[in-house]
Amino acid sequence: MATAKLSPELRKSLDELALTPDEYQLILDKMGRDLTYLELGLFGSLWSEHCGYKHSKPLLRLFPTKHRRVLQGPGENAGVVRITPKYSICMKVESHNHPSAIEPYQGAATGVGGIVRDVFTMGARPIALLNSLRFGPLTEPRNKHLFRGVVSGISGYGNCIGVPDVGGEVQFASVYSGNPLVNAMCVGLIEGDTIIQGKAAGPGNPIMLVGADTGRDGIHGASGLASRTFEDDRELRPTVQIGNPFLEKVLIEACLELAKTGHIVGMQDLGAAGLSSSVAECAYRAGTGIDIDVALVPRRAEGMTAYDVMLSESQERMLVIVKKGHEKDVNKIFDKWDLHSDIIGRVTDDKMVRIRNNGKVEAEIPAHLLVDAPQYRLKGIPPANLKTIQNRNLNNLPVPNNLNDVLLKLLAAPNIASKRSIYRQYDHQVQDNTVVPPGRGDAAILRLKGTRKGIALKTDGNGRYCFLDPYAGGAIAVAEAARNVACTGATPIAITDGLNFGNPDKPDVYWQLEECIKGMSAACKALGVPVISGNVSLYNESRGEPIYPTPIVGALGLIDDVSTAASSAFRQAGDDVYLIGPDTPELAGSEYLELIHGMVAGKPSISLAMEKRVQRFIIAAIKRKLVHSSHDCSDGGIAVALAESAILSNIGFSGAWSSKNRKDIELFGEGQSRILISASPSDAEKLKALAKSSRVPLRKLGITGGNRFHIGTRVDLPLNRLVSSYETGLQQALA
């Protein structure tokens, strides 16, 4: 077929839909005819990067996804792992980056609403929320505005729906000034192995739309906003959805009640691309077709076209595939919860997505053509200046004269300082399952009621490491999230990921994406944790400047007895303090290097074999009750980790140890696979024996006690000065 001639109007439409002229021609070739306006919109949405994963899907196949615990891996709304014969955990990470850059409160709020729907549509009760956030420096007013709006949006929505926000992390760097990252994670609990899938099975079964009426909000959200870079947010403000958490709360309860009845064969939330993606994906997964009439869709705006209805991303809506003959039973449940429900079509056996408007067919496309977007496997090239940055000689940097001041500056830095002012806005105790709340441990701990078991949850990621070495940075992201879970005494059993990158059409960005995924995959295989779900957010650039490659890892761990869970705080005076792991601190990508010397440079590294041994050691030590506190040694190095454990307990520390490293590297370097523990002196020999059998280094640093923080001749400060810097740093940055 000859290449289609593109009018200026068509070119504008393609750009709005993030479709290239070549992709448009491919669609024409596959369809064998011209497209209706609605069909063009459907392809634009389903073939968008946000829905179609055109650049990432070939790379995501590198992840290990199989494990004896995995009941549902990638490909559904969320992943599911079995944790006991009775319970399974469902979890997923989702991003809402571009909407939050434009409208921070609603962007973040609807991000929470969307990820919660991904979980309860599987038949899982949402039991926990976590988040992972990135902003530009708080010295800029716009970044303060975005920060406050996003945090308020997360708390406003999460608190209203009654799901505890139990953990998260936030970092600041100049590369995020034009493009903040807002990643939300939801965890749900399923009793037994029954999972509700997003499948339109059974020809003749009715298709029901439930929840909010459909408006014009969010049109082109998946294609025009999430699948391209943007330079001016004014034109895109209407693409940001508006949330209603009170409606979502009743939607949760109604759908969970419905999931137990046997009246339905499938359920799917209306997220990115709205009805377009939900009907196409449900048909494709089941190998069936769907025939719907948009005239039957309740609306809250006058004059909406079929195009508007199909591409709307109005929130709090669910698609339910009902067993024929059970329509009244389903309606009765939704009526009980004061929810609007309407049958808008039927499942067919012809594998076509057919959209009518008052009976007239306006779109008729094979489901597989809509869902099978083209995939691009590109040739990535490292950034031209990367080797220069990696090979920067960091050993020639001057050592600061006053290391007391350095420690206080690090503790007050927004990347390290207490996040109490954030998590105090979140209700983390609702549902009464939270055992270790935010700010107390390296991961949150939730009990499983009726048992002694619990789960540990953590989100983590470091864009600086991935910028300097994407492979090592990707591996470190997985290792550190799993290590944080292990530091509580829980065994890491699965992860979900959120991959945030720039424009993948650029060879250096594609190279970063590929290398990060390879590194993450290697770490998952080494640690035995499968990837069960995830999200990819590309085109995170503003005015031509990409963000750091920022993979976010959400880790799940299982603990046999929540009463044995370890926190980061020293427990009592007189305990010995040890460092577990190799004596390999690095300045590469460290907070110290950027804060004190103003540079991001070097080449981070990790030994996955050592990481595996260290994690096994700490899990065993906590299980044997040999450890009083456990804290990952990460941002800010040994000195900051020691200070944080002292601050959290209000118990001082005194220590000194020999080292071959330069004193600033020894104190503030950020080598991997290192954990700080405190333990009773009476258990010293048992710890040494366990470390020897585990083949991990064990080094005594000092003892707990007193009201000062003292490290040899290098650092000597009253504990209250550390507390003041740590507790007020973020608030002062926001002032």
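**Exercise 1. Burial and span of helix α19**

Task: In this predicted model, state how many residues of α19 are buried, then compare the helix's reach with the expected span.

Solution:
- Start with burial. Of the 17 residues in α19, 16 are buried, which leaves the helix mostly covered.
- Locate the helix. α19 runs over residues 470-486.
- Now take the span. From first C-alpha to last, α19 reaches 24 Å.
- Compare. At 1.5 Å a residue, 24 Å is expected, and the helix comes close to that.

**Exercise 2. The second largest pocket**

Task: Describe the second largest pocket by volume, lining and residue class.

Solution:
- Volume: the second largest pocket holds about 930 Å³.
- Lining: 44 residues line this pocket. Nearest its centre lie Gly168, Glu169, Lys419, Gly441 and Lys458.
- Elements: several helices and strands each give two or more residues to the lining, including β4 (125-135), β16 (454-460), α23 (637-649) and α26 (719-734). Helix α19 is also one of these elements.
- Main contributor: strand β5 supplies the largest share of the lining, seven residues.
- Class: the lining has 16 nonpolar, 15 polar and 13 charged residues.

**Exercise 3. Classifying two ring pairs**

Task: Classify the pairs Tyr176–Tyr548 and Phe467–Tyr548 by geometry, and place each in the chain.

Solution:
- Count first. The structure has nine aromatic pairs.
- Take Tyr176 and Tyr548. Their ring centres are 6.1 Å apart and their planes stand at 85°. Planes over 60 degrees apart count as edge-to-face, so this pair is edge-to-face.
- Place the pair. Tyr176 sits in the loop between β5 and β6 (181-191), and Tyr548 in the loop between β20 (545-546) and β21 (550-559). The two residues are 372 residues apart, so the pair links distant parts of the chain.
- Take Phe467 and Tyr548. Here the centres are 5.2 Å apart and the planes at 35°, so the pair is tilted.
- Place this pair too. Phe467 belongs to helix α18 (residues 463-468), so its pairing with Tyr548 ties together parts 81 residues apart in sequence.

**Exercise 4. Accessibility of the paired rings**

Task: Are Tyr176, Tyr548 and Phe467 buried or partly exposed?

Solution:
- The cut-off for buried is under 20% relative accessible area.
- Tyr548 has 9% relative accessibility, so Tyr548 counts as buried.
- Tyr176 is buried as well.
- Phe467 has 23%, so Phe467 counts as partly exposed.

**Exercise 5. A ring cluster**

Task: Which residues do ring pairs link into a cluster?

Solution:
- The cluster is made up of Phe135, Phe147 and Phe172.

Technical notes: Residues are numbered from 1 along each chain as its sequence is written. This is a predicted model: local features need pLDDT of at least 70, side-chain atom pairs count only at pLDDT 80 or more; totals for chains, interfaces and linings use all residues. Side-chain values use heavy atoms; hydrogens and water are left out. Helices (H or I, at least four residues) and strands (E, at least two) are DSSP runs, numbered from the N terminus. The expected span of a helix is 1.5 Å times one less than its number of residues. Buried means under 20% relative accessible area, exposed over 50%, partly exposed in between (1.4 Å probe, protein chains only). On a 1 Å grid over the protein atoms alone, a cavity is a set of points where a 1.4 Å probe fits but cannot get out, and a pocket is an open set with protein on both sides within 12 Å along at least five of seven lines; lining residues have an atom within 4 Å of a point. Grid points are joined across faces, edges and corners, and a volume is the space filled by probe spheres set on the points. Ala, Val, Leu, Ile, Met, Phe, Trp, Tyr, Cys and Pro count as nonpolar, Asp, Glu, Lys and Arg as charged, and the others, Gly among them, as polar. Rings of Phe, Tyr and Trp (its six-membered ring) pair if their centres lie within 6.5 Å; planes under 30 degrees apart count as stacked, over 60 as edge-to-face and the rest as tilted.
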